[in-house]
Amino acid sequence: MNPNAFRKLSYGVYVISSWDEGRPTGCTANSVMQITSEPATVAVSINHDNYTNGCISRSGRFAVSVLSETSDPSIIGTFGFQSGKTVNKFDSVEYEQKANLPVVKDSCAWIVCEVIDRMETATHTVFLGKVVDADEQGAGEPMTYAYYHKVIRGKSPKNAPTYLPEEEKAQEARWVCSVCGYVYDGETPFEQLPDSFVCPVCRQPKSAFVKK
Ligand code: FE
């Protein structure tokens, strides 16, 4: 089996949110797909180790916030690199209630679902949700998982003067976040950054960066 074949599948970047006994919580996910249009149903795949998994099971509801290319990348880190068991993730991310579920404001669409079925796999639960309500909001193109890897990880856009083709860039020493893989790409040399610098994606301190 060649796992590179899976890289040819396209994914987005989403925040899957729910309620934890009245407290809003959620996690980042890339596996969301529409299953049927009439009635509208959507499936999400959530790891057993994600705190949100149990919250969806208990509340029977979840929301999908579709992140856009212009969404603040720290949202991905806030929801993806820490656990909702110990952190109130929505304390640092603006949200609104839509159809009685918390959705991320800085996103381009939201979909609220009621769980109608589920399937267990070795590592993940696939929740099938009947769509209760959904809408677009804001502007911006939906972020693809490929975009997250290629652009958000600190490499310059193609039209930026600092852009370097992947091969050239790979030969330079780079400072990489050991937690989320974000590659520092700022104007200031990494060594000269203040100690207060934190990873823009997962908010880990400067000391979490390693030179590669
Ligand atoms: Fe990071």
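Which residue follows α1, and what is the sign of its phi? In this predicted model, helix α1 is followed by G60, whose phi is positive and lies near 70 degrees. The helix itself spans residues 51-59, and its buried residues are T52, N53, C55 and I56. Viewed down the axis of α1, these buried residues fall within an arc of 165 degrees, so they line one face of the helix. An α-helix has 3.6 residues a turn, so residues three or four places apart point the same way. The buried residues of α1 pack against a set of strands made up of β1, β2, β4 (40-47), β5, β8 (109-120) and β9 (124-136).

Among these strands, β1 (residues 14-20) is largely enclosed by the rest of the structure, because seven of its seven residues are buried. Both faces of β1 are covered, with Y14, I16, S18 and D20 buried on one side and V15, S17 and W19 buried on the other. Strand β1 pairs in the antiparallel sense with β2 (residues 23-29) over seven bridges, and within this pairing S17 stands opposite G26 of β2. The two strands form a hairpin with two residues between them, and E21, which lies in the turn, has a positive phi of about 50 degrees. Strand β1 is also joined to β5 (residues 61-66), which runs antiparallel to it, by four bridges; here the bridge partner of V15 is S65.

The cysteines were examined next. The structure holds zero disulfides, and C27 accordingly takes part in none, the nearest cysteine sulfur being that of C55 at 9.2 Å. A disulfide requires the two sulfur atoms to lie within 2.5 Å. C27 counts as buried because its relative accessible area is 2%, and C199 is likewise classed as buried because its value is 0%. C55, for its part, is one of the buried residues of α1.

Strand β2 and strand β4 also contribute to a pocket, the second largest, which has a volume of about 410 Å³. This pocket is lined by 21 residues, of which T28, A29, N30, G80 and Y145 lie nearest its centre. At least two residues of the lining are supplied by each of β2, β4, α2 (74-80) and α3 (145-152).

Two loop residues differ in their accessibility class, D49 being exposed and T121 partly exposed. D49 is located in the loop between β4 and α1, and it is classed as exposed because its relative accessible area is 73%, where the exposed class begins over 50%. The C-alpha atoms of D49 and L101 are 22 Å apart in space, while the two residues are 52 residues apart in sequence. T121 is found in the loop between β8 and β9, and its relative accessibility of 32% places it in the partly exposed class. When neighbours within four places in sequence are left aside, T121 is in contact with H48 and V126. The C-alpha atoms of T121 and S196 are separated by 42 Å, the two residues being 75 residues apart along the chain.

Methods: Residues numbered from 1 in each chain as written. Predicted model: local features only at pLDDT ≥ 70, side-chain atom pairs only at ≥ 80, totals over all residues. Heavy atoms only, no water. Buried < 20%, exposed > 50% of the residue type's maximum accessible area, 1.4 Å probe, protein only. Pairing = 2+ DSSP bridges. Arc of directions from axis to C-beta. Contact = heavy atoms within 4.5 Å. 1 Å grid on protein atoms, 1.4 Å probe; cavity = no way out; pocket = protein on both sides within 12 Å on 5 of 7 lines; lining within 4 Å. Points joined across faces, edges and corners; volume = space filled by probe spheres on them.
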